[in-house]
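The following exercises are to be worked through with the sequence and the model in view. Each task is followed by a solution in steps.

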Amino acid sequence: MRTSWRALEAHHARIGQTHLRELFAADAQRGERFALEAAGLYLDYSKNRIDAETISLLLALAGECGMRERIDAMFRGDVINTTEARPALHIALRTSMEARIFVEGIDVVAEVHTVLDRMAAFAEQVRSGHWLGHTGKRIRNIVNIGIGGSDLGPVMAYEALRHYSQRDLTLRFVSNVDPTDLVEATRDLDAAETLFIVCSKTFTTLETLTNAHAARAWSIGQLGDDKAVARHFVAVSTNAEGVAEFGIDPSNMFGFWDWVGGRYSMGSAIGLSTMIALGAEQFREMLAGFHVMDEHFRSAPFERNMPLLLGLLAIWNTNFLGATTLAVLPYEQYLKRFPAYLQQLMMESNGKHVTLSGEHVDYATCPVVWGEPGTNGQHSFYQLIHQGTPLVACDFIGFCQGLNPLGRQHDLLMANLFAQSEALAFSKTADEVRAEGVAEPLVPHRVFEGNRPSNTLLVDRLTPHTLGALIALYEHSVFTQGVIWNIDSFDQWGVQLGKLLAERTAPELESTTEPTLAHDSSTNALIRRYRRTK
C-alpha cells in the first residue's frame, strides 16, 4: 500500500465524521477557497468533507502514483491501453491542425482533420438539400444506428445542443436490438427522405448490423430498388469491403481509428449525425471546448487542475468515505441524456477488478453512476439522497443563462439547485425542527443529517464549446481515478463476454429442431420456456 494512501486513511480517521457545518464555521472563505475556474466552467467543491490537508494528501497520492508521467504518456500517444496494446488518443480528435502526434510513424492529427473536412462537406450537402435521395427528394430525416459509444455520444450531444440544431431536420437514434427501437424510430418517416448513418468500426457489430439490415429492408420495401441503398445509407467504419457488400458506396464511408475507444469517440466520424444537426462550424466549436479542457488538464498545476481535483475528490468519496454511487444532476433539460452518457464513460472505463499487472484489487474502483435532470429528480429519488442510509455523492450542474427564457422559471430552476446542495451539506437538526413547532413524535422524521458531499459546476451558458469542455472534464477525471486505482481505463473486456454468449445462444432460440443445451440448469430452463411460448 502506498505511503500517501496510508496517510489518507489516518487523516480520514481524524476528519471523516467532521460535519460540513463545522468546516464552514471554521473558515469564512471556504466557499471561495475550494473553488476554481477553467475552460468556461466554475467548480465549487467546498461542500465535500475535506480540508486543506485532505487536498494536500490527495495531491501527494497523485504524485506517488506517477500522475504527471501518465498524463504526458497519454498526450504523447504512448501505449497506455496495455491490454489491447493501443494508445488512448481521443485528445487527437480535437487538437489543432498544427499539432503533430505520431502513431507508428503516422501523423494522426493530419488524418483526423482530413476526415473532419470530409464530414463537413457531406454534412453541408445534407443540410443544404443538395444531397438527394433515390427518388430525387431532399433528405429530411437522419437515423443514426449504433450502440454504446456509437449511440450514447451522438444522442447526448444532439439532445444537449438541440437549441442550435437545424430544425427542418429530424434526428433519430437506434441502438437496441429490440425491434421496437427501429420500428418506432421509422414509423412516421418517409424512406425517400431518410438517411441512415450506420456506425460500426468493424461493420460486424451484431446489434448494429442487425438493425442496419432491418433498416435496409424497410427502405427497399418503400423505395422498391436495391440501388436506393447508395443514396440512403452512409457508414462510419473501417471495413470498406463489408460496407460495399451492404450496398454503401465506400466513398461515403467515414473512418476512425483503433486508438480511440467507442465511449471517447463522439469527436470523430461517430459524431457525423451531430455535425449534420449542428453544422460544421458549431461541431468544431464543440471540439474547441474539448481542446481547451485538454490543454488545461495537460498543463495546469495539480492544485488548480479541475479534472484532476474532481477525480481525486471521487477517490476520497469512494474509497475513504464509502460513497458507492454518484448522482449526476444537471439542472438543464437539454442535458437529460448526460447522466446516461457518463454511466458508460465512467463505469465501462473504471469498472475493473484487476490492476494493470493483473492482480486482484482489494478496494472499490468505480461508483455506480446515475441521475436525472433537476427538478424532476427532486420528486423521485432525492428523498434517498437526503435521508436514506446510503451515502450518495452528487455532482450538480447548472447554467447562469437559460436558453429558453420564460418568465421566472430559470431563476426558480437555479434556486432549486442551490437549495438542494445547501440542504445536503448543512442538514436540519432536531432542535431546529422543534423550533419550527413540529410535534415531538414527528421530529425524527423531519431531521436531516446533512454532511452529504457534493460538487457544483456552474457555467455561463450551454453552448457547443462549453459542452465539449464539460465532457472533457469528466473524461480526464475518469483517467485520474484510473491512474490512482492502477487499472486500465480504456479496455472493456467485460462487454465482450455477454456478446459471445449471445452469439452462442441465438441459434438455439431460432432452431426449428430441439437443440441440445449445455448451459446451466437455469439458462436451459429459460431457453426451453422461451421456445415453447415465443
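**Exercise 1: The lining of the largest cavity**

Task. Divide the residues that line the largest cavity of this predicted model into nonpolar, polar and charged.

Solution. The lining of the largest cavity consists of 10 nonpolar residues, seven polar residues and one charged residue. The next step is to establish the size of the space: the volume of the largest cavity is about 180 Å³. Of its 18 lining residues, those closest to the centre are L310, A314, L326, D395 and N455. Finally, the lining is assigned to elements. Helix 14 (306-320), strand 10 (325-330), strand 12 (392-401) and helix 20 (464-485) each contribute at least two residues, and helix 14 provides the largest share, five residues.

**Exercise 2: The largest pocket**

Task. Determine which helix gives the most residues to the lining of the largest pocket.

Solution. The largest pocket holds about 1,000 Å³ of space. It is lined by 41 residues, and the closest to its centre are T205, G262, Q492, Q496 and K499. Helix 7 (149-160), helix 9, helix 15 (338-350) and helix 21 (493-510) each supply at least two lining residues. Helix 21 gives the most, with six residues. By class, the lining comprises 16 nonpolar, 16 polar and nine charged residues.

**Exercise 3: The open sheet**

Task. State the order of the five strands in the open sheet and identify its edge strands.

Solution. The order is 6-5-7-8-9, with parallel pairing. Strand 6 (170-174) and strand 9 (253-254) are the edge strands, as each pairs on one side only. At the strand 9 edge, two bridges join this strand to strand 8 (residues 233-236), the two running parallel; V236 stands opposite F254 in strand 9. A helix can then be placed against the sheet: helix 9 lies across strand 5 (141-145), strand 6, strand 7 and strand 8, and runs at about 160° to strand 7.

**Exercise 4: The surroundings of K201**

Task. Locate K201 and list the residues that it touches, leaving out those up to four places away in sequence.

Solution. K201 is placed in the loop between strand 7 (194-199) and helix 9 (206-223). With contact taken as heavy atoms within 4.5 Å, K201 touches V236, S237, T238, N239, F256, W257, D258 and V260. For W257, a distance can be added: its backbone oxygen is 3.2 Å from a polar atom of the K201 side chain. As a last step, K201 is compared with S150: they are 51 residues apart in sequence, and their C-alpha atoms are 9.2 Å apart in space.

Conventions: Residues are numbered from 1 along each chain as its sequence is written. This is a predicted model: local features need pLDDT of at least 70, side-chain atom pairs count only at pLDDT 80 or more; totals for chains, interfaces and linings use all residues. Side-chain values use heavy atoms; hydrogens and water are left out. A polar contact is a pair of N or O atoms within 3.5 Å; within protein, one must be able to donate a hydrogen and the other to accept it, and residues adjacent in sequence count only if both atoms are side-chain atoms. On a 1 Å grid over the protein atoms alone, a cavity is a set of points where a 1.4 Å probe fits but cannot get out, and a pocket is an open set with protein on both sides within 12 Å along at least five of seven lines; lining residues have an atom within 4 Å of a point. Grid points are joined across faces, edges and corners, and a volume is the space filled by probe spheres set on the points. Ala, Val, Leu, Ile, Met, Phe, Trp, Tyr, Cys and Pro count as nonpolar, Asp, Glu, Lys and Arg as charged, and the others, Gly among them, as polar. Two strands pair if DSSP finds at least two bridges between them. Axes are lines fitted to C-alpha atoms, for helices over the stretch in contact, and angles run from 0 to 180 degrees between N-to-C directions.
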